[in-house]
Every structure is written in structure tokens, then in C-alpha cells.
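Reader: I would like a close look at one part of this model, taken strand by strand. Please begin with a turn and work outwards from there.

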Amino acid sequence: MIIKSFETKDGARSIDNLKITIDVTGSFVAIASSDNIIRIRKSMNGKVVAQIYGSQITSMFYTLDNKNLVVSNLDGCVLIWKLSSKIKVFKIAIILYIRV
């Protein structure tokens, strides 16, 4: 999947402040954008399977077991999101909130 741009809530197309991370298997791509939404997409077809609403995301990565997505933001917070093992559902719940 090649990402050229994406459409924001207001319909604008942008790649500002784009952050991308790929899970260990290469099956899913997490894309954070300037609209402060992390979209988890299937690598093969680009379909959005989950969205996480954040604020000023600075970095993110999948854990090696692919069970969590770790996200840091400009506020100094580190959030660990638990990802469901059911690929179609991706129930996301915050399991740790650290503010430094």
C-alpha cells in the first residue's frame, strides 16, 4: 500500500505530521495524521479497521506481540492501547496512562 495523502474530517487532503508504523506481521498499518486520529488499516487493501482519537501524536509503535499499540503525544503522555485479537473488530481500550 502506498500512501500519498488522506482525507481529513473537513474534506481537505493532507499529509501533514504523518506518522506511520507497521505491525510485526505486516498485516496492519497504523497511520497518525494532523487531525489527531490514528487509523489502523489493513495493509493489503487499505481498509480502516479501527480509529483511535488522540492529541498531537509524536510517535507510536506496535509491541512485538502485536497485542498493543504504544502512542506518545506532545503533552508528555504515553498511552498503551490494547488491540483485540479479532482482526475484524479491533476493540481498543486504554490499559495504561503515564504522564511525565
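Author: The model is a predicted one. Start at Gly76, which has a positive phi near 90°. Gly76 belongs to the hairpin of β8 and β9, where three residues lie between the strands. The two strands run antiparallel, and five bridges join β8 to β9, which spans residues 77–83. One pairing to look at is that of Val70, whose bridge partner in β9 is Ile80.

Val70 also has a residue opposite it in another strand: Phe61 stands across from Val70 of β8. Strand β7, residues 57–62, is antiparallel to β8 and is joined to it by five bridges. β7 and β8 make a hairpin as well, with five residues between them. In that turn the positive phi belongs to Asn66, at about 60°.

Strand β8 covers residues 68–73, and six of its six residues are buried. In a regular strand, side chains alternate between the two faces of the sheet. Taken face by face, β8 has Asn68, Val70 and Ser72 on one side, and these are buried. On the other side are Leu69, Val71 and Asn73, also buried, which means that both faces of β8 are covered. Buried here stands for a relative accessible area under 20%.

Elsewhere in the chain there is an open sheet of four strands, in the order β3-β4-β5-β6, with antiparallel pairing. Its edges are β3 (19–22) and β6 (48–53); each has a single partner strand, so one side of each lacks a neighbour in the sheet. From one strand to the next, the twist averages 15°.

Within this sheet, β5 (residues 37–42) pairs with β6 over five bridges in the antiparallel sense. Ile38 is placed opposite Ile52 of β6.

That leaves the charged side chains. Side chains of opposite charge can pair when their charged atoms come close. The structure holds one salt bridge. Its partners are Arg39 and Asp35, with 2.9 Å between the closest N and O atoms. Both Arg39 and Asp35 are buried.

To return to the starting point, β8 is joined by five bridges to β7 and by five bridges to β9. Val70 stands opposite Phe61 and has Ile80 as its bridge partner in β9.

Conventions: Residues are numbered from 1 along each chain as its sequence is written. This is a predicted model: local features need pLDDT of at least 70, side-chain atom pairs count only at pLDDT 80 or more; totals for chains, interfaces and linings use all residues. Side-chain values use heavy atoms; hydrogens and water are left out. Buried means under 20% relative accessible area, exposed over 50%, partly exposed in between (1.4 Å probe, protein chains only). Two strands pair if DSSP finds at least two bridges between them. Axes are lines fitted to C-alpha atoms, for helices over the stretch in contact, and angles run from 0 to 180 degrees between N-to-C directions. A salt bridge is a side-chain nitrogen of Lys or Arg within 4 Å of a carboxyl oxygen of Asp or Glu.
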